[in-house]
Structure formats: structure tokens, C-alpha cells
Amino acid sequence: MIDEALIQEVTEDLYSAALRRVPPDTIRALEKARHQEEHESARATLDLMLRSAQLAEENDKFVCSDSGVPVYLVEIGARARWQGDIKQAITRGFAHLVETITPPLLKHVNNPLTNERGFAGKDMPSISVDLIGDADYIDITCVPKALGSGRWASIKTFISPSLEDIEAFIMEAIIEAGSQHCPPVIVGVGIGGNFDLTAKLANRATYREVGSVNPEPILAAMEERLTEAANATGFGPMGVGGSTSVLGVHIDYAFGHGYTPVAVCFNCWINRRAKARLYNDGRVERIF
Amino acid sequence: MAVHHLTCPPEREAVDQLAVGDLVYITGEIVVTGGLPAHKRLIASLDAGIPLPMKIEGTFIHLPHMVEETPDGYEIHYVNPTTSTRFDEFMPRLIEALDLRIVGGKGGLGAASVAAMQKTGCVYLSLLGGGSAILSAAIKEVLQVEWRDFPSHFRLSRLRVEGLGPLTVGIDAHGHSVYQTLESNARERLPQILARLADRRETFSQEQ
């Protein structure tokens, strides 16, 4: 049975896990980048990143001090059955985490109108819901979003853009973020849809497995050439030079119209995110 | 890639020798904060001639920190750098007024700060973002915490560190900034990068 208590427990655990561990796909991508990196100092930084990830996991420490703001994606299968209020469960899970987590979190949530700081805010946590068709489970992804994964996002609405226009905009966003967002980053791109869907597509694209190949050939080719292009900028690990500025460019798209919003967002090198699958019978499977 | 071990506060000569890209480990007392309010209060104090609550001897790093006061003293839970460019408008004044030798954080500082650093003889050290486990282990003691009306990471704290590093010299004391160089290089390369993208688009569409 998927009930409120289970959802609360799972979402709390996902947040805590996301703070303490660099996901396995990202570790693999960093190791691969370490082998391919051309600059000695950049290789040293990538080694340091891998060591930091290992130490945090072994010693159950946070990878970063900024626990960010809680962002959850809830994907509900058509045959999923649950009891209770999912939003309330996630909200309570985060509140309980704040009270009990060791080491304690810092007050990273603010009221944007007054700058008052705390652990809670209006409409928090950020929860987006998707309906995923024929499945007897609910997938929950938890992503603590801080500066490196939030601040440098960019969106622009074009009129019937060419791929050339879109790729030039993506490169501009990459150069604008430059050294600032704890590279090497995952770049997420959303093309088309309406304004909020475009942003959602870009954000979700960052959640995709690093190193996975896009099933759409046109996007797979685009991702490959943009990864090469982004790494040719030279910003490198931590933005102090090198040939590894991104670990991947992930692109998704939706229906279009004469107007086409394009969104670009980033996830910093620790690429923290955690996902669990809750089955109707109460089983919980960690996806990553 | 030279490796240096500096004792804080460092002599100007030691700082003058550092080149962009060098690695540095620092030992000694450093003052840290991660907050905009702390920067504003520092500037307001300097403007009003109010003495600062602690002596800032040459080293000032953008390092948010989770410190708790316990009956046995301060307990340091973790530290991790924050983006220094957020403080760009305050840093030139602080670098000059406090005669700083080392500033640091992540992401670098802008042109006005680079000029101020050249005047005082100061370098910018890049700390690993997401390096909390490594960096926190180098914090040996919390010596002083002030401005407790702010959340922990925004307070002004004086720490004793041993072998904090490796940190990368991002800006040297002679006006060279890896951040400025990399940004202008990327802008210069952009036309070629876009041309290469166009070639690859063309190749892909021919293959289809």
C-alpha cells in the first residue's frame, strides 16, 4: 500500500541521500572525463572531485554545504493506487528532515519579498506531477537545487527558430554561466511547448542518466555536437581552465507553435538527485 | 603546476610569487563568511569608522560554514565555498581597506577586484565547490564567531586551518585572472565553435 507515511519516509530519505552522494552515473562520467581531460591542472581538479565524492559517501557527509531548495518530481502511473495527500506527505517529510538530519542544514530558503531566511517558504517544496501511463507505481525524484543548479538557467521565446538559432542560444547560455556554476555541469535543454512546459522539459532533461543516448536521432546528434562545442569553450572543471566544461547536454522537446520557447538549465558537477519507485504493494525500489 | 604551502597571514613576497594555475595549501588563521549581509555590514562599519568585531589579517574567504555552539565550545559541521562574484560590488573596497593578501571562494571576481588586488598584492584562490568533505577536514578550530544575528553561514568567523587545499590560484597579484582570460577566449572561439556546429548539422542532415 502506498500511503502518506510511506511517501513521507521515502521523500525524506531521498533528500538526505541526495545531499551525501554523487550519483553513480555522474561518478562514471567524471572518471571518463578524467581520462580524456587534456590539462594537468584540470585532471587534478577532477581527481579532487572524485575524492570528495568518495569521502562524503564513506563518511556520510554532505558533498556541498548548500542544501538548496527541495524540488520533487512525482510521476504517477495510471494503475497506481495510493491513500492520502501526496503533497502533505512530501511537505511533512521535508519538515521532519529539517528537524532531525545530522549534520544540521543551513537556512537556505528565503522569502524573496523580504529576504527573511528559514527552512520553509510559500509553495514549498516545489512539486511537479506527471502522469506516466500504464504503470502500477509512483516514481519520486528529489533534487536539492542550489546556486549551481538554479541561478544560471535561461529562457528565450523565438519565432520559428532554426536549429542554428537554438544552438547559438544554448552556447550563449553556456558562456554566460562560464566559470560560475561548479562545472563540469549537466546541461538541460527544453525546446517548444508553452513557457512553463519548456522550463520543465529542460529541468527534467538534467535528471536523465548521464551518458545515456537520446532515443531521438536528431536530438542524439544535437547533444553530441553541443557537448563537443561546450567543451571547446575551455572553462574546465571549477571554471579554472580545461577541456571538461560539461559532462553532457541533454535535450528534450515538445509540440510547437509559431512561437518556440527554448530553456537552458544546469546541474553542477555533483548532479545531486535521487529517485525511488513506490509500488502498489508497498515495495520501494531505489532507481538512483 | 607549482605547489605552494602558505602560512597565514602570508607575506606579500610569498603571494607575489604565485601564478595563475598554481596549487596552494594554506595553514593558519583565516576569516570567512558566505553572506551578503555580512559584506554589507563590513562596508557600513568601514564607512562609519566602527571597529570590526575581529581582526582580519590578510585572508578573507567566501566560505559558508555550519558552526554550532555547544557547552564544550564550537562544533564545526561543514564548510564549502560560495560564488564570489555575488560580492563583486563590495570586494574592491574590502581588499584595499583591509589590505588583503588572500581572497577566495569559487567562480572568481571581476575586473575592479582584480585591480584592487594588484594594488595591495593579493591573490584569489579557487576552492572546490562540492568539496565539503575535504575542506571541512582542514578546519581545526573555530576561534571566533561574530554577527550571530545572521544565520550560521552568513556570520563572520575566524578559523584555524591546517593544509586547507589544494586551492587553485585563479587571480594572481599582478592583474592576471584566469576567469577573464577564459571568458575572452570562449568569446573569441565562439564563431569557430558555431561554424563547427553548422558543419556537423550539415553532415547529419546529409546522412539522413
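**Exercise 1. Cysteines.** Determine how many disulfides this predicted model contains, and explain why Cys64(A) forms no bond with the closest cysteine sulfur.

*Solution.* Step 1: the closest cysteine sulfur to that of Cys64(A) belongs to Cys268(A), at 6.6 Å. Step 2: a disulfide requires sulfur atoms within 2.5 Å, so the sulfur of Cys268(A) is too far from Cys64(A) for a bond. Step 3: Cys64(A) is buried, its relative accessible area being 14%. Step 4: Cys122(B) is in no disulfide either, since the nearest cysteine sulfur, in Cys8(B), is 11 Å away. Cys122(B) is buried, with a relative accessible area of 0%. Step 5: over all chains, the count is 0 disulfides.

**Exercise 2. The contact between the chains.** Describe the area that chain B and chain A bury between them, and state which elements of chain B give two or more residues to the side that touches chain A.

*Solution.* Step 1: 44 residues of chain B are in contact with 52 residues of chain A. Step 2: the two chains bury about 4,100 Å² between them, with 67% of it on carbon and sulfur atoms. Tyr78(B), Arg200(B) and Arg201(B) supply 15% of the area that chain B buries against chain A, more than any other three residues. Step 3: between the chains there are 15 residue pairs in polar contact. Step 4: the elements of chain B that give two or more residues to this side are β4 (65-70), β5 (73-79), α5 (132-137), β9 (156-171) and α6 (178-207). The largest share, 15 residues, comes from α6(B). Step 5: the residues on this side of chain B divide into 21 nonpolar, 14 polar and 9 charged.

**Exercise 3. Salt bridges.** Establish which parts are joined by the salt bridges of Glu176(A), Arg196(B) and Glu69(B).

*Solution.* Step 1: there are 29 salt bridges over all chains, and the count between chain B and chain A is 6. Step 2: Glu176(A) pairs with Arg187(B), with the closest N and O atoms 3.9 Å apart. Because Glu176(A) lies in helix α6 of chain A and Arg187(B) in helix α6 of chain B, this pair joins two chains. Glu176(A) is exposed at 52% relative accessible area, whereas Arg187(B) is partly exposed at 31%. Step 3: Arg196(B) and Glu228(A) form a salt bridge at 2.6 Å. Arg196(B) is in helix α6 of chain B and Glu228(A) in helix α8 of chain A, so this pair also joins two chains. Step 4: Glu69(B) meets Arg148(B) at 2.5 Å. Strand β4 holds Glu69(B), and the loop between β8 and β9 holds Arg148(B), so the pair ties together parts 79 residues apart in sequence.

Technical notes. Residues numbered from 1 in each chain as written. Chains lettered and ligands numbered in written order. Predicted model: local features only at pLDDT ≥ 70, side-chain atom pairs only at ≥ 80, totals over all residues. Heavy atoms only, no water. Contact = heavy atoms within 4.5 Å. Buried area = accessible area lost by both parts, 1.4 Å probe. Salt bridge = Lys/Arg side-chain N within 4 Å of Asp/Glu carboxyl O. Polar contact = N/O pair within 3.5 Å; in protein donor to acceptor, adjacent residues only side chain to side chain. Helix = DSSP H or I, 4+ residues; strand = E, 2+ residues; numbered from the N terminus. Nonpolar A, V, L, I, M, F, W, Y, C, P; charged D, E, K, R; others polar. Buried < 20%, exposed > 50% of the residue type's maximum accessible area, 1.4 Å probe, protein only.
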